[in-house]
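Here is a short tour of a fold and its ligand site, written for someone who likes to check the geometry alongside the text. Have the viewer ready.

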Amino acid sequence: MSVRWHHSGVGLHLITPPWRLFGTIGKNFGSGRVFLHDSECARLYNPLRQAHTPVATSAWSFRAAVLSTENRASRIADALCSVGWISLATFIEADLAVALRRELHTLDQQDALTPALIGKGPRQRLRADIRGDRTAWLDGASPAQARLFVQLEALRDHLNRTLFIGLEDFEAHYALYPPGAHYQRHVDSFQGDNARRVSLVIYLNDAWRRTDGGLLRLYTPQSRLIDEILPESGHAVCFLSENFPHEVTPARRERASIACWFRVRPDTPLPL
Ligand code: OGA
Ligand code: MN
């Protein structure tokens, strides 16, 4: 099912096949941005989805061959504005996943990864009981990162054009979970700073089995378990940062990933 957004002068109309008007989102429209991450979208769309597609949420996992960048971005956009999340079996090409994993291991050998902190600014602190991974920020400079950044930039641009979501930039880091490490249940936006709107996690591990642990458990805003995602190479999961609590269960072997957050401009006071 696809969703078309039609912009009229009075609001944003949600129109679904067979092209009947399903709802109008007018809230926040005056600000020039429509935030689809709150409950409005789910409220408008979900009843229709249930009526037309009586399938489990996991049907939103696309286990097809690699999709073209544009096609993939439009599936992600459709999913974000309907159910709010999507799992993709092939987000990046196999050779790119290999190159990124190699780079991560080189960084690790050079001691360039640092134990992940939680929180932001003065609240930032080390809590290995909450998360046990080591991370390094990506800067897009190496050939592998530059290739990835082209895809991330294309996705950012597509989400802005289709969802009017105002994503200004993204930040991304490598994360390496040593055996035994986990990441407790959390949401990705920080207290007092909701600039992060869309989260994307890309996995870099070969032949991952369920018994290896390290599953990403994704929950609804009401804390119902939605899915458990295996961190298999090339797979990715994308979701609205503020709405979906998630956790990484203890990994029994080393687990590599890239976490990426698309951000809106932090709230800036109006110049008076
Ligand atoms: C994170 C995170 C999930 C994963 O870094 O915020 O939730 O599966 N990562 O690596
Ligand atoms: Mn997270």
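In this predicted model, strands β5 and β8 pair in the antiparallel sense over 2 bridges. Within β5 and β8, Thr114 stands opposite Thr135 in β8. The wider picture is an open sheet of 7 strands with antiparallel pairing, in the order β4-β14-β11-β16-β9-β8-β5. At its edges stand β4 (85-88) and β5 (114-115); each has a single partner strand, so one side of each is left without a neighbour in the sheet.

Two helices pack on this sheet, and the table sets them side by side.

| Helix | Residues | Strands touched | Direction angle |
|---|---|---|---|
| α2 | 69-82 | β4, β11 (196-203), β14 (236-240) | about 145° with β4 |
| α4 | 143-163 | β9 (167-177), β11, β16 | about 135° with β9 |

Back on β8 (residues 134-137), you will find Trp137. Is Trp137 buried or exposed? Trp137 is exposed, because there are 9 other C-beta atoms within 10 Å, and a residue counts as exposed at 12 or fewer. Trp137 and Glu171 are 34 residues apart in sequence, yet their C-alpha atoms are 7.8 Å apart in space.

Now for the ligand. Which residues surround ligand 1? They are Ala175, Tyr183, Asp188, Val201, Leu216, Pro231, His246, Val248, Ser257 and Ala259. By class, this shell around ligand 1 divides into 7 nonpolar, 2 polar and 1 charged. Strands β15 (246-248) and β16 (255-264) each supply at least two residues of the shell.

How values were computed. Residues are numbered from 1 along each chain as its sequence is written. Chains are lettered from A and ligands numbered from 1 in the order in which they are written. This is a predicted model: local features need pLDDT of at least 70, side-chain atom pairs count only at pLDDT 80 or more; totals for chains, interfaces and linings use all residues. Helices (H or I, at least four residues) and strands (E, at least two) are DSSP runs, numbered from the N terminus. A residue is buried if 20 or more other C-beta atoms lie within 10 Å of its own, exposed if 12 or fewer, and partly exposed in between; C-beta atoms are placed from the backbone. A residue is near a molecule or strand if its C-beta atom, placed from the backbone, lies within 6 Å of it. Ala, Val, Leu, Ile, Met, Phe, Trp, Tyr, Cys and Pro count as nonpolar, Asp, Glu, Lys and Arg as charged, and the others, Gly among them, as polar. Two strands pair if DSSP finds at least two bridges between them. Two residues are in contact if their C-beta atoms, placed from the backbone, lie within 7 Å. Axes are lines fitted to C-alpha atoms, for helices over the stretch in contact, and angles run from 0 to 180 degrees between N-to-C directions.
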